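Dear colleague,

I am handing over the structure below, together with notes on what turned up in it. Please read the notes with the model open beside you.

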Amino acid sequence: MLRFVCLCCLAGLLSLPTLAQRKKKPASSPKTTTPTQKQVPAAVSPPGGRPTYCNPLNLDYGYTPIPDFTAAGRHRATADPVITLFKDDYYLFSTNQGGYWWSHDLSKWTFVARSFLKPEHKTFDDLCAPAVFVLGDTLVVYGSTHEKNFPIWMSTNPKAGAWQERISAFQVGAWDPAFFLDEDDKLYLYWGSSNKTPIYGQQINRHTFRPLGRPKKLIALDDRRYGWQRFGEYLDNTALDPFLEGAWMTKHAGKYYLQYGAPGTEFSGYADGVQVGNGPLGPFRPQAHNPFSYKPGGFARGAGHGNTFQDRWGSWWHTSTMVVSVKNNFERRLGLWPAAFDPDGVLYANTAFGDYPHYLPAGLSDYGQSLFTGWMLLNYNKPVQVSSTLGGYAANHAVDENIKTYWSAASGRPGEFIQTDLGRVSTVHAVQINYADQDAIVLGKPAGAYHQYRLLHSLDGKKWQVLADKSQNTTDVPHDYVELRAAVRARYLKLENRHMPTGKFAISGLRVFGRGGGSPPEKVKNLTVLRTRKDKRGAWLKWPAVDGAYAYNIYTGSTFDKLYSCIMVHGANEYYFKGMDKNQTYYFTIEAVNENGVSPQTIVQEAR
């Protein structure tokens, strides 16, 4: 059953996904309500030089260290991130990197090489899905294992790579572990990564790290009720049952938020769900808004198995795994999104435009504030020219907004290039260069890896000026993000290779951001949501195509003023949404997207 609630729109302004400011039940007849998405003016240059970032995060990701994972080609890979604020700096740990990163601003990350394996550990997994937490003046780290011979490591100076064993052999074999230190100084461990067993929890003595009592079963999946928990790219439980993994605990306003990843790390719908309890070991109940971290659309998809943390000003963020899964199922990257607890205690991560430029924190973010810059993608499926092409790795793959596809030049030699035509003179604010791995020869974390290139811009495709010259760069930048100090007017951009760390010059996304100078798209005329008794876990969404729109944002949620989930759809005017709780009513709206901005949103529809 569908019911309509009128959504107030401010025509001609750019809409951003944020929180509603009040909560009320929808009326049985249309009426004007507070918008669920704020409207803000067109993008401007960063205020006061405030920096921006763009997902996937530009980190010097290591290559998979596991030979058996490279049958289709050697490739970069990491996942399962944890970001922790320690002594006024951020520390980022993730799977199998042979070290970790630190940053003072969440922008510039410095890698610290450090193995946490000992000679007796016969495994490739060096801090797989690690647990990280702060205990007094000490940072504590523990990696996944089913054994009872792995140490817990500690450091008071992790910038220097100075670590020592806190416990030589932790007696709880835990895969995907997460520690939580409560306000009463009691320590808890959560773990689990399986399509058969639940997430477990157990109290741990914070001084001796010995387990107290017995492990307690805390939560399990229920894919017969929750559509998003079904395994597979199309949520159909093909091949395997869904996996439950990646526990993380956050305490807020006296409530305990037990977070978890599902249904599979290799899929676009990989997401983080949450259950809420009154104590650290439950019992827990799912919040109505689930999954709370969800990004099944866009250039880089997936937002599962991560952690929720606070920045230096106390604002909330969520970091998660993003999917590549081309050379191997476990080929992945990392993403970062603003997060919040709304006034009703609902946890959500804001993934709308989640792989477009966003502002980094510079102070406490107010409830409902969006950090999206408003810089639109300027070259989706626009014409490209290249120096050469390897086999079927066609040039248009570099501008098709799909990280899984890529263009490859015939070599990695200097002089190989790709050129993109924006179609008209536009205002360019930033460029993201996403390299792909083609014929790489590296395993693990190489020393001294670096990219070098020149980025040029032109008004006519004949006379070129340098936009960014990194021909002397000495760092590894597989997802380099170039934010311009001052916007430029350009129609053509050219990326010229100077040096590759390994393999061919290959690009999965040459992404140009700014403003096109024209008009935003018209409002979608009609959104149809078909949800039938056959299977309430899914719905078929259809709408008339809007002239000039290259994408659409579908917003959905558990109440009309909590449309916290966003699905970006390219090149289609329908979407099969199979991620619903069959026992819950859902609400939907949609907006059209082009190079110039975003349309007003449609009337919010209720789907019982």
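In the hairpin of strand 31 and strand 32, where 5 residues lie between the strands, Gly 461 takes a positive phi near 80 degrees. Strand 31 (residues 452-458) and strand 32 (residues 464-470) pair in the antiparallel sense over 6 bridges, and Ser 458 stands opposite Trp 464 in strand 32. Strands here are DSSP runs of E with at least two residues, numbered from the N terminus, and two of them pair if DSSP finds at least two bridges between them.

Please keep in mind that this is a predicted model, in which local features need pLDDT of at least 70 and side-chain atom pairs count only at pLDDT 80 or more, while totals for chains, interfaces and linings use all residues. Residues are numbered from 1 along each chain as its sequence is written, and side-chain values use heavy atoms, with hydrogens and water left out.

An open sheet is formed by 4 strands in the order 14-15-16-17, with antiparallel pairing. Strand 14 (178-181) and strand 17 (211-219) stand at its edges, and because each has a single partner strand, one side of each is left without a neighbour in the sheet. Strand 14 pairs with strand 15 (residues 187-191) over 4 bridges in the antiparallel sense, and the bridge partner of Phe 179 in strand 15 is Leu 189.

Turning to the empty space, the largest pocket (on a 1 Å grid over the protein atoms alone, an open set of points with protein on both sides within 12 Å along at least five of seven lines) has a volume of about 780 Å³, a volume being the space filled by probe spheres set on the points, which are joined across faces, edges and corners. The pocket is lined by 28 residues (those with an atom within 4 Å of a point), and Asn 58, Ser 107, Lys 108, Asp 480 and Tyr 481 lie nearest its centre. Strand 33 gives the most to this lining, with 6 residues, while strand 5 (52-53) and strand 9 (110-113) each supply at least two.

The structure also holds 7 cavities of 30 Å³ or more, a cavity being a set of points where a 1.4 Å probe fits but cannot get out. The largest cavity has a volume of about 110 Å³, and of the 13 residues that line it, the closest to its centre are Val 324, Glu 331, Ile 403, Ala 436 and Asp 437.

With best wishes
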